[in-house]
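Thanks for coming. I would like to walk you through one structure this morning, so please have a look at it first.

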Amino acid sequence: MDVTEAGSSLDSLVSSFNARIAEIQQLVVARNMYPASSISDLSAVDSALTALELQLHKIKIRMREETEAIPKAKKLIEASLRQQKKLQKLSAVIPSYVPHRVTKTTEATKCIRPEPGVEDLGFVSMQLEEPAPKGKKGRASPPLFYINADELDSVPPYMKQRLTLEKVNAAIDDMVTYAEATAQLLKAPHRKLTENLVERAMELKEIAATEAVKGKHFFLESDIKGPSLKHDHTGRAILTVLRHLGRISETRVGHHRVILLLRPH
C-alpha cells in the first residue's frame with residue numbers, strides 16, 4: 001500500500017473515532033436532561049461504544065501493518081542504494097558512444113564471384129562470426145574493442161589533441177571493416193576472384209604468412225578510405241592513440257605498412 005494512501009486511511013479512522021466520542025457525549029447530556037428516556041439513551045450509548053470498539057480494532061490492525069511495513073521499506077531503500085552504486089560504477093567504465101556497426105560491402109567483396117549454383121547472397125554472407133576452426137589461425141571475426149572515457153583520458157594531451165570518444169570508436173569501426181575485407185580475400189579461392197583481385201589476394205597471402213603478421217587480423221595503410229578514418233591529421237592522431245592504448249600495432253612488409261588489430265590486455 002502507498003504511504004500516502006495508508007496515512008489518509010488512518011486519518012479517516014481517527015476522524016471517525018473522534019466523531020463517535022462526540023456522539024456519546026451528546027447522548028450523555030441528553031440522558032441527564034430527560035431522565036424518563038434514560039433506558040433508550042443507554043441502549044444508544046451501548047451501540048455507540050460497540051462501534052467505537054470496532055473502530056479501535058481497525059486502528060490497531062492498521063498500526064500493526066504500518067509497523068511491519070517499515071523494515072521492508074528500509075530494506076528496499078538499502079537495496080536501491082546498492083543498485084545505484086553498481087550502476088554508477090558501470091556508467092564510469094562504459095563508453096558514452098557505442099557505434100552500431102553494419103557490415104559494409106567493399107569494392108573488393110563486390111568483385112568476388114558467387115559460388116555456382118548458390119543463391120546470389122554475395123561474398124559478404126560468408127560466416128565470419130563463427131569461431132576459428134582448430135588448426136587454422138585468423139578465421140574468427142576481427143576483434144572489436146571500443147575504448148572508454150577513462151582510457152581516452154589516460155592518453156597524454158599532446159597525443160590525443162582534440163579527439164573525442166565518438167571519433168575514435170567510429171574509426172575502430174572502419175578498421176574492423178577493412179580487416180574483414182582483407183580476411184575475405186585471404187579465404188577466397190582464386191576461382192571466385194575476378195582478375196583484378198587475384199594479384200592483390202596473392203600479395204595479401206604473402207603478407208599474412210610473414211612472422212610478424214601470421215595469425216593476426218590486419219589491413220594495409222592503403223586500405224584507409226574513411227568514412228571516419230582518413231589519411232589526414234585527425235586520422236594520424238587516432239592511429240597514434242590506438243597504438244598507445246594497445247588496440248593496434250604496426251609493421252612493415254616490403255613497401256606496405258601493415259596495421260594489426262589487437263585484443264586489449
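I will start with the whole chain, then turn to one helix, a group of charged residues and a single alanine.

A word of caution before that: what you see is a predicted model.

The protein chain has eight helices and three strands. Reading from the N terminus, the order is α-α-α-α-α-α-α-β-α-β-β, so seven helices precede strand β1 by the way the elements are numbered from the N terminus. The chain has 265 residues, and 32% of them count as buried. About 17300 Å² of the protein chain is exposed, with carbon and sulfur atoms supplying 57% of that area. As for contacts with a separation of 6 or more, 67% of them come from residues 24 or more positions apart.

Now to helix α6. It runs over residues 165–187, which is 23 residues, and at 1.5 Å a residue it should span 33 Å. The C-alpha atoms at its ends are 33 Å apart, so the model agrees with the expected span. How many of the residues of α6 are buried? The count is 20 of 23, so the helix is mostly covered, buried meaning under 20% relative accessible area.

One of the partners of α6 is helix α8. Two packed helices are described by the angle between their axes and the distance between the axes. For α6 and α8 the angle is about 85° and the axes are 10 Å apart. That angle makes α6 roughly perpendicular to α8. On the α6 side, the contact is made by Lys 167, Val 168, Ala 171, Ile 172 and Met 175. On the α8 side, the residues are Ile 238, Leu 239 and Leu 242. If the spacing of such residues looks familiar, recall that an α-helix has 3.6 residues a turn, so residues three or four places apart point the same way.

Next, the charged residues. Searching the whole structure gives eight salt bridges. Let me take one of them, between Glu 221 and Arg 257, where N and O are 2.5 Å apart. Which parts of the chain does this pair tie together? Glu 221 sits in the loop between β1 (218–220) and α8 (233–244), and Arg 257 belongs to strand β3 (residues 256–261), so the bridge ties together parts that are 36 residues apart in sequence.

Arg 257 also forms a salt bridge with Glu 250, again with 2.5 Å between the closest N and O atoms. Glu 250 in turn is bridged to Arg 243, and there the closest N and O atoms are 2.5 Å apart. Through these shared partners, Glu 221, Arg 243, Glu 250 and Arg 257 are joined into one network.

Are these four buried or exposed? Glu 221 is partly exposed, at 24% relative accessibility. Arg 257 is also partly exposed, at 23%. Arg 243 has a relative accessible area of 33% and is partly exposed, and Glu 250, at 27%, counts as partly exposed too.

Last, the alanine. Ala 212 lies in the loop between α7 (195–208) and β1. Its relative accessible area is 37%, so Ala 212 is partly exposed. Apart from neighbours within four places in sequence, what does Ala 212 touch? It is in contact with Thr 251 and Leu 260. The C-alpha atom of Ala 212 is also 8.8 Å from that of Val 253, a residue 41 residues away along the chain.

That is all I have; questions are welcome.

How values were computed. Residues numbered from 1 in each chain as written. Predicted model: local features only at pLDDT ≥ 70, side-chain atom pairs only at ≥ 80, totals over all residues. Heavy atoms only, no water. Helix = DSSP H or I, 4+ residues; strand = E, 2+ residues; numbered from the N terminus. Expected span 1.5 Å × (residues − 1). Buried < 20%, exposed > 50% of the residue type's maximum accessible area, 1.4 Å probe, protein only. Salt bridge = Lys/Arg side-chain N within 4 Å of Asp/Glu carboxyl O. Contact = heavy atoms within 4.5 Å. Areas by Shrake-Rupley, 256 points an atom, 1.4 Å probe, with all protein chains shown as cover. Axes fitted to C-alpha atoms, helices over the stretch in contact; angles between N-to-C directions. Parallel < 35°, antiparallel > 145°, perpendicular 65-115°, else oblique.
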